[in-house]
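Okay, thanks for squeezing me in today. I'll put the structure up and then walk you through a few spots in it.

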Amino acid sequence: MAAPWKGIVRKIDDYRWEIPTSYKTGMLVPGLIFTSESMLGHLWEEQAFEQVANVAFLPGIVRHSLAMPDIHWGYGFPIGGVAATRVKDGVVSPGGVGFDINCGVRLVRTNLTEDEVRPKIEPLVDQLFVNIPSGLGSEGKIRVKEKELEEVMVRGSRWAMEKGYGLPDDIIVTEESGSMKGANPDKVSSKAKKRGIPQLGTLGSGNHFLEVEVVDEIYDLKAAKAMGIEALGQVLLLIHTGSRGFGHQICTDYVALLGEAVKRYGISLPDRQLACAPINSPEGQDYLAAMSCAANYAWANRQFILHWARESFARVFGKSQQELGMRQIYDVCHNIAKIEEYTINGKKEKLCVHRKGATRAFPAGHPDVPEIYRSVGQPVFIPGDMGRYSYVALGTEVAMRETFGSTCHGAGRVQSRAAAKRSLRGVDVARALADRGITVKTGSMASLAEEASEAYKDVSEVVDITHKAGISLKVARTKPIGVVKG
Amino acid sequence: MPINKDFEILDHTADVGIIAYGIDLRQAFANAARALFSLITELDDLEEVLYRDIELAASDVESLLVAWLNELVYRFDTEGVLFKRFDIIQLDDTRLQARVYGEKVDSSRHELKTGVKAATYHMLKVDKTDGFRVQVLFDI
C-alpha cells in the first residue's frame, strides 16, 4: 500500500536514531526513534518514519517527535509515537491519542501457581469467556442510564468500585487513580453516549484480550516483591481493553471538529488525521474534557472486568478472595494525552504529552507514583503476542529526561492483518498455541489468525531496547497459559 | 483505466485500507460502503430486510466520505444492522442523501469478522480524473 521510505535516518547510538529537521520543510523538531539496527529493517517498507516526521509539524512541539521501539505504521501518528507540546502555545491532537482512548493494561497477581492452574486452565478460560462479554457486537451486563453514564465519565473506576465492582485498593494502584480530572460530559456527543451505554463492561474485539500467565523470569527481585510477584511459576492475570465505541465516537467527532479548527487557526499540517487545535482554545479544551470522559469510561470498564475475573477464579478454584490474593498490581493506559510538568532548558514547563501506543513510565520518587511503588518506580506492563511473552518493567529517570516519562506499549505489528489471515487459519493458530501449552478461547477464528504470533515483532527485542536505552527497566517476564480473545 | 471491480482491500501494517471505484462519485461512495461491510462480514450472507435514510453534510468531499463511512460504523455499532446495498440519492461535494438496505446481525447466519473503529483521514483520496476512485484507511 505504500512505497518504501527514502528519507534520512541518522544513527546517534545503538538504540537512538534521528530524523533531522532538514528531511522535510515544516518539521519544528527532529524525530527520535528508539530502535536497533536489526529492528529498523521492516520500517523502510512502510510509512512509520514519515509519520514521525509529520508529527514534528505540530505547533508547540518540544525537543523531539518520539517513537518507541514498537513503532509501526499507524494513521496520522505512528503507533508507538510520543509528542509533547507546550500548553501555553502548543496544540492538542485527537489523532495523537487515537480512537481507542485509554486503551490500556491492568495486571493482577494471585497466590496460585502454575501447578495449581494448569489442570483447570480449560474451565478457567471458559469461565472467563462466559463471565466477561467479548467479541464484535457484544453487549455488557451492566445496564446504565444516561445519568449514570455521566457519573462513569466523571468518576471512572471509582464509580465502578463504589457500585461493588472491586476494592478501594484497586483505585490506588490505577494511573490517575482511575479518574482524570477535567472530564465534562457536556462535551460528549449524544452519539458517543449511545454507543457507550450498551458497551460498558465489555472486552471488545481485535487485539483486546485477557491473559492468564505464569512468571517465567524475574530480573529485579526488590521491584518484583513490591508488586507482589514473589516466585517463578506464580500465576498473574493481564487485562487489555479500552473505551470501546464510546471512545471511538469521541475521537471521530473531534477529528472532524478540529479539522475545521485547523483552518480557523491557520495551522498547516502534512496529514489531515493530525487535525489539532491550540490547547488553550475552546476546541482544544473541549476535546481534552471529552477525552477525559472516555479515559474514565475505560478505567471503569477494566474495573468491571477485573471484578468478573475475580469471581471467575473464585468459582473455578473454590477459594475465597483472601485465599486467591488477587491484588491489582497496577493499571496503565497507552493511548492518552496528559498535562504534565517537565524541565525544559532549565525551566519548569507544562506540556501536553500525547502517548499513542506508549506507556507512561515515571521513576521512583515521582509524586504521581503510588506510595507503595514510590521507592522502586511506576510499574509498566508490555504485553507481547499471545504465543510468546509479556513483560513487567519500571519507569526511570532516563525516561523523564528523554521521552517525557514514556516507554513502549507492546510488541508492535510486522505483518498486516490481511497477510496474517492469508498465511494462517484461526484453527491452525489455536492448535499451534495448544502445542505450546496455551489454551485459547475466542468468538472469532478470523480475528485469532490476525493476532497470531507471526504477525508481531518479538516483544523480547522491543523490551531489550527500552531496557538498554534505559527508558524502562525489566522486572519480570511472563508466559501465557490461557487467553480469551475478543 | 478500465473498471472491472467495485473495490479492493489494501494491506497496511496495523489497519486496513480500501480503494473503491465507480463510474460516478455516487457509485464510488456506495462501493466504499460495500468495502467497509465486506471487512465486517460476508456481504453475500446478507438480506435486504430493512432500510435506513441517511443525510449528511461536510465541508469538502473528502470529509463527506469519512463522515459517510463513520455514520455507517455508528449505525452498525448502535443498531446492530449490517448493510449491503447503498442507494445514494443525492451527492455533491458537501451533501449526501442515501437510503441503505440490510438486516440486523443474526449470529446463526452471519460471521462477524473484523471490528472497524472508524474511517480516518490518513491517505484519504477522492480522485475524479480517470473514472472515480476513492481511498480510505480504517482504524481496526
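**Inside the model**

Let's start on the inside: 34 residues line the largest cavity, and nearest its centre are A:I79, A:N207, A:H240, A:H409 and A:Y456. Before I go on, please keep in mind that this is a predicted model. The volume of that largest cavity comes out at about 490 Å³. Which elements give two or more residues to its lining? Those are β8 (209-218) and β19 (472-485) of chain A. And if you're wondering how many cavities of 30 Å³ or more the structure holds, the count is 2.

Hang on to A:Y456 for a second. You just saw A:Y456 among the residues nearest the cavity centre, and its ring also has a charge over it: the charged end of A:R413 sits there, 5.2 Å from the ring centre. There's another arrangement of that kind with a lysine, where A:K141 lies over the face of A:W308, 4.3 Å from the centre of the ring.

Now the open side of things. The largest pocket has a volume of about 650 Å³. It is lined by 30 residues, and the closest to its centre are A:E176, A:M180, A:K338, A:I339 and A:D368. As for elements, α11 and β12 (335-344) of chain A are the ones that give two or more residues to this lining.

Let me stay with A:E176, one of those residues closest to the pocket centre. Where does A:E176 sit in the chain? You'll find it in the loop between α7 (168-172) and α8 (190-199) of chain A. Its backbone is worth a look, since phi of A:E176 is positive, near 60 degrees, and this isn't a glycine. Is A:E176 buried or partly exposed? Its relative accessible area is 28%, so A:E176 is partly exposed.

Compare that with A:F404. Here too we have a residue other than glycine with a positive phi, near 50 degrees this time. A:F404 is in the loop between α13 (397-402) and β17 (406-407) of chain A. Its relative accessibility is 0%, so A:F404 counts as buried.

Okay, one helix. Helix α10 of chain A covers residues 244-264, which is 21 residues. Do the sums at 1.5 Å a residue and you'd expect a span of 30 Å; the end C-alpha atoms are 31 Å apart, so that agrees. What about its surroundings? Of the 21 residues in α10(A), 15 are buried, so the helix is largely enclosed by the rest of the structure. Following α10(A) you get A:G266, with a positive phi near 65 degrees.

On to cysteines, because somebody always asks about disulfides, and a disulfide is a covalent bond between the sulfur atoms of two cysteines. How many does a search of the whole structure find? It finds 0 over all chains. Take A:C251: its nearest cysteine sulfur belongs to A:C103 and is 13 Å away. A pair would need its sulfurs within 2.5 Å, so A:C251 is in no disulfide. A:C293 is in no disulfide either, with the sulfur of A:C251 as its nearest, 14 Å away. A:C251 is at 0% relative accessibility, so it counts as buried. A:C293 is buried as well, again at 0%.

Last topic, the aromatics. Over all chains, the search of the whole structure turns up 18 aromatic pairs. One of them is A:W5 with A:W44: the ring centres are 5.9 Å apart and the planes sit at 35 degrees, so we call the pair tilted. These two come from distant parts of the chain, 39 residues apart, with A:W5 in the segment before β1 (10-13) and A:W44 in the loop between α1 (37-40) and α2 (48-55) of chain A. A:W5 is buried at 5% relative accessible area, whereas A:W44 is partly exposed at 27%.

A second pair is A:Y165 with A:F304, which is edge-to-face, at 4.7 Å centre to centre and 80 degrees between the planes. A:Y165 lies in the loop between α6 (157-162) and α7, and A:F304 in helix α11 (residues 282-317) of chain A, so this pair ties together parts that are 139 residues apart in sequence. A:Y165 is partly exposed, at 22%, and A:F304 is buried, at 0%.

And to finish, back to the tryptophans: ring pairs link A:W5, A:Y23, A:W44 and A:F49 into a cluster.

Definitions and conventions. Residues numbered from 1 in each chain as written. Chains lettered and ligands numbered in written order. Predicted model: local features only at pLDDT ≥ 70, side-chain atom pairs only at ≥ 80, totals over all residues. Heavy atoms only, no water. Helix = DSSP H or I, 4+ residues; strand = E, 2+ residues; numbered from the N terminus. Buried < 20%, exposed > 50% of the residue type's maximum accessible area, 1.4 Å probe, protein only. Expected span 1.5 Å × (residues − 1). Phe/Tyr/Trp six-rings, centres within 6.5 Å; stacked < 30°, edge-to-face > 60°. Lys NZ or Arg CZ within 6 Å of the ring centre and 35° of its normal. 1 Å grid on protein atoms, 1.4 Å probe; cavity = no way out; pocket = protein on both sides within 12 Å on 5 of 7 lines; lining within 4 Å. Points joined across faces, edges and corners; volume = space filled by probe spheres on them.
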